[in-house]
Each structure stands twice: as C-alpha cells, then as structure tokens.
Amino acid sequence: MEGLKEELRFDNRFPGIKLTTVHPFVVDTGLAKNYRIRFPMLNPVTSPAEAARIIIEGIQREHYVVNIPEKDFYCFKLFSILPLTIQHALSDLLEAEVDEDSEM
C-alpha cells in the first residue's frame, strides 16, 4: 500500500484518490472457524457490524490506517519503533493463530 500511496502522491493526475489500509485482528465472518487467541481479553473477536462501522468511520474521516479493534492503532505504532527481533518476540507472545478448516 505504501508504494501505491507514493505513486499517487507523485503522479498529480489523480489528486482526489485517497487510500485507507485496514489492519483487522479477528473479525467473526465465519471464514476462519478454528482460531486461537492467547489473550482474548486483550484483543477480542470483532463482529462484522462493528468492523464495518470502524472501517466506514475511518474512510469518512480520511484516515490512512484503520485498525480493528481501534486500540490496536497504538500497539502498531509502538511495535513499529522496536527492533524487528522484538517485534517478532512480542507477536509470538501475543499469539493468534488460525488453523485450516478440515471440512473444506
């Protein structure tokens, strides 16, 4: 998304195009049935209606990045200033995984 943003910024032919990147955690769409979250109180599963509300609000406010849940915005900002090895260690600690659905 960063590359597309920069191309649009330098190419002035389309000045009205705005981008919003969505970073969802787990949204209960039914697509992922076998998910595990190590700390569900920290990052609960979001309903599709709540995810849609957050995304629409972010687009209307012309936010470049939207996180679901919204509080994850600050976690991503904090993570981005840490060394990559620490980012990976924290990601492993917070562990959220989705297993393949064996019925598919």
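Leucine 42 is partly exposed, with a relative accessible area of 45%. This is a predicted model. Leucine 42 sits in the loop that runs between strand E2 (34–37) and helix H2 (48–60). Together with Phe39, Leu93 and Leu94, Leu42 makes a nonpolar surface patch of about 330 Å².

**The largest pocket**

Leu94 belongs to that patch. Leu94 also appears among the residues closest to the centre of the largest pocket, to be described next. The volume of this pocket is about 460 Å³. Its lining holds 18 residues, and the closest to its centre are Phe25, Asn43, Asp72, Phe79 and Leu94.

Which elements each supply at least two residues of the lining? They are strand E1 (21–24), helix H3 (72–80) and helix H4 (84–94). H3 gives the largest share, with 5 residues. By class, the lining has 12 nonpolar, 3 polar and 3 charged residues.

**Salt bridges**

The model has 7 salt bridges. Side chains of opposite charge can pair when their charged atoms come close. Five residues, Glu50, Arg53, Glu57, Arg61 and Glu70, are linked in a network of such bridges. Three bridges of arginine 53 are listed here.

| Pair | Closest N to O distance |
|---|---|
| Glutamate 50 and arginine 53 | 2.7 Å |
| Arginine 53 and glutamate 57 | 3.2 Å |
| Arginine 53 and glutamate 70 | 3.4 Å |

The pair of arginine 53 and glutamate 70 links distant parts of the chain. Arginine 53 is in helix H2, while glutamate 70 is in the loop between strand E3 (65–68) and H3. The two residues are 17 apart.

The other two pairs lie within helix H2. Glutamate 50 and arginine 53 are 3 residues apart in H2, so about one helical turn separates them. Arginine 53 and glutamate 57 are 4 residues apart in H2, which again means a separation of about one helical turn.

How accessible are these side-chain partners? Arginine 53 counts as partly exposed, at 35% relative accessibility. Glutamate 50 is partly exposed too, with a relative accessible area of 30%. Glutamate 57 counts as partly exposed at 25%. For glutamate 70 the relative accessible area is 39%, and this residue is also partly exposed.

Definitions and conventions. Residues are numbered from 1 along each chain as its sequence is written. This is a predicted model: local features need pLDDT of at least 70, side-chain atom pairs count only at pLDDT 80 or more; totals for chains, interfaces and linings use all residues. Side-chain values use heavy atoms; hydrogens and water are left out. On a 1 Å grid over the protein atoms alone, a cavity is a set of points where a 1.4 Å probe fits but cannot get out, and a pocket is an open set with protein on both sides within 12 Å along at least five of seven lines; lining residues have an atom within 4 Å of a point. Grid points are joined across faces, edges and corners, and a volume is the space filled by probe spheres set on the points. Ala, Val, Leu, Ile, Met, Phe, Trp, Tyr, Cys and Pro count as nonpolar, Asp, Glu, Lys and Arg as charged, and the others, Gly among them, as polar. Patches are made of residues with over 30% relative accessible area and no salt bridge: like charges are joined within 9 Å, nonpolar side chains (Val, Leu, Ile, Met, Phe, Trp, Tyr) within 5 Å. Accessible areas come from the Shrake-Rupley method with a 1.4 Å probe; for residues, only the protein chains shown count as cover. A salt bridge is a side-chain nitrogen of Lys or Arg within 4 Å of a carboxyl oxygen of Asp or Glu. Buried means under 20% relative accessible area, exposed over 50%, partly exposed in between (1.4 Å probe, protein chains only).
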